[in-house]
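Thanks for asking me to look at this one. My notes follow, as numbered points you can read alongside the model.

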Amino acid sequence: AFGVVADIQFADAEDGYDFGGCRRRYYRHSLRLLREAVREWAGESPPINFVLQLGDSIDGQNAQRGEAESALQQVLEVLGQLSVPVHHAWGNHELYNFSRARLVHTGLYSRPAGGSDGPPDRECHAYHCSPAPRLRLVVLDSYDTSTLGRDPGSPRYQESLRVLREKNTNDDLNSPEGLKEPRFVAFNGGFSQAQLDWFDEVLKFSDENQEKVIVMAHVPIHPCASNGVCLAWNYEAALSVIHTHRCVVCVLAGHLHDGAYCQDLHGVHHLTLEGLIETPPDSNAFGTVHVYEDKMVLKGRGRIPDRVMHF
């Protein structure tokens with residue numbers, strides 16, 4: 001069993017609103033809701049084995065307030081009360097607060113210290129591990145190709161900006177207005193070919209060893225588990241890798257605060273978790289997933305509905 005939570009976006013700030021000005025965000029309360037989640041996970045029976053934090057652990061406004069380090073410390077301290085590993089995805093808000101080079105030296109860098117578990121690029125926050133026999137977790141970095149968190153002089157930044165400007169003609173690169181492919185906005189990102197090649201090799205190994213694979217990333221990779229905007233730039237390439245293999249049973253993501261779900265034509269479940277940041281203080285948004293031989297059962301709290309996903 002494992003815990004899941006997405007888009008905590010903590011800031012020691014008064015409630016605010018999203019970019020559209022119409023959806024309330026409970027910045028300070030999100031930490032209290034996370035404490036509740038941790039208390040519940042700690043009391044689970046049978047006990048959970050790990051937690052997936054699906055990205056955007058702190059809000060971007062911390063950077064302007066000079067509070068990025070202290071906000072992150074508060075979130076990590078709460079999660080640190082658990083006696084099990086926490087696997088972190090990197091989201092856009094992590095990259096508003098920190099460069100990739102800095103994130104590698106924070107508690108959000110959950111990639112193991114060895115070298116064979118992820119792509120050669122150590123700043124690519126992708127890795128895999130086996131938390132139980134015949135079960136593999138793969139963490140993907142959906143901002144590997146992105147303008148966020150990189151030095152504007154770097155080739156990766158320049159290439160990402162070229163892709164973005166080619167697809168997005170708006171002055172504001174965060175605006176999807178009028179775009180044929182509205183996912184090409186700066187608050188999304190994509191996967192490098194090197195990461196996709198590595199991902200393919202991991203799934204080949206899992207196929208050969210008859211493993212079930214759970215994939216996590218911050219940004220959804222299936223249009224039906226998205227609103228069309230919150231979607232990885234080259235989601236088709238990631239899906240193509242998954243569908244070449246038989247082992248993937250579920251893809252977990254955050255980013256879209258409303259949450260979404262679909263089962264694709266290959267039988268893979270795509271679950272996008274509701275965001276903690278837009279959850280009123282009298283509710284919550286986290287869950288516990290129980291994994292069986294033939295299914296995963298999500299026991300949701302607050303805004304997150306229960307769900308049974310058969311393999």
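**Notes on the fold**

1. Let me begin at one end of a sheet. Strands β10 and β11 pair in the antiparallel sense, over four bridges. Please keep in mind throughout that this is a predicted model. Within this pairing, Ala260 has Thr272 in β11 as its bridge partner. The two strands make a hairpin with five residues between them, and Gly267 in the turn shows a positive phi of about 90°.

2. Strand β11 covers residues 269-272, and its side chains alternate: His269 and Leu271 point one way, while His270 and Thr272 point the other way. All four of these residues are buried. With β9, strand β11 pairs in the parallel sense over four bridges. There, Leu252 is matched with Leu271 of β11 as its bridge partner.

3. Now for the sheet that holds these strands. It is open, has six strands in the order β6-β7-β8-β9-β11-β10, and its pairing is mixed. The edges are β6 (127-132) and β10 (260-263), each of which pairs on one side only. Ignoring direction, neighbouring strands are turned against each other by 15° on average.

4. Further along this sheet, β7 (residues 135-139) and β8 (residues 212-216) run parallel and are joined by five bridges. One match to look for is Val139 with its bridge partner Met216 in β8. Helix α7 (residues 193-208) packs on the sheet and touches β6, β7, β8 and β9 (248-253). The direction of helix α7 makes about 175° with that of β7.

5. There is another open sheet of six strands, also worth tracing on screen. Its order is β5-β4-β1-β12-β13-β14, with mixed pairing. Here the edge strands are β5 (86-88) and β14 (307-310), and each pairs on one side only. Its neighbouring strands are turned by 20° against each other on average, direction ignored.

6. Inside that sheet, β1 (residues 2-5) and β12 (residues 285-291) pair in the antiparallel sense over three bridges. Val4 has Gly287 in β12 as its bridge partner. Helix α1 (residues 29-42) packs on this sheet, touching β1, β4 (50-53), β12 and β13 (295-302). The direction of helix α1 makes about 25° with that of β12.

7. How many aromatic pairs does a search of the whole structure find? It finds four. One of them is Phe2 with Phe50, a stacked pair at 4.8 Å centre to centre with 10° between the planes. This pair links distant parts of the chain, since Phe2 sits in strand β1 and Phe50 in strand β4, 48 residues apart. Both Phe2 and Phe50 are buried.

8. Trp41 and Phe286 form an edge-to-face pair, 5.5 Å centre to centre and with 85° between the planes. This pair joins helix α1, which holds Trp41, to strand β12, which holds Phe286, across 245 residues. Is Trp41 buried or exposed? Trp41 counts as buried because its relative accessibility is 1%, and Phe286 counts as buried at 2%.

9. Some of these residues reappear in the largest nonpolar core, which has 82 residues. Phe2, Trp41, Leu52, Phe199, Ile221, Val248 and Leu252 touch the most other members. Helix α3 (residues 68-79) gives the most to this core, with seven residues. If you set aside neighbours within four places in sequence, Val248 is in contact with Leu203, Val213, Val215, Ile242 and Val268. A second, separate core has seven residues, among them Leu173, Phe184, Ala186 and Trp233.

10. Finally, the cysteines. A search of the whole structure finds zero disulfides. Why is Cys247 not bonded to Cys250? The closest cysteine sulfur to that of Cys247 is in Cys250, and it is 13 Å away, so the two are too far apart for a bond. Cys250 is in no disulfide either, and its nearest cysteine sulfur, that of Cys262, is 10 Å away. Both residues lie inside the protein: Cys247 is buried with a relative accessible area of 3%, and Cys250 is buried with a relative accessible area of 0%.

Notes:
Residues numbered from 1 in each chain as written. Predicted model: local features only at pLDDT ≥ 70, side-chain atom pairs only at ≥ 80, totals over all residues. Heavy atoms only, no water. Core = buried A, V, L, I, M, F, W, Y, C linked by side-chain atoms within 4.5 Å. Buried < 20%, exposed > 50% of the residue type's maximum accessible area, 1.4 Å probe, protein only. Contact = heavy atoms within 4.5 Å. Pairing = 2+ DSSP bridges. Axes fitted to C-alpha atoms, helices over the stretch in contact; angles between N-to-C directions. Disulfide = S-S within 2.5 Å. Phe/Tyr/Trp six-rings, centres within 6.5 Å; stacked < 30°, edge-to-face > 60°.
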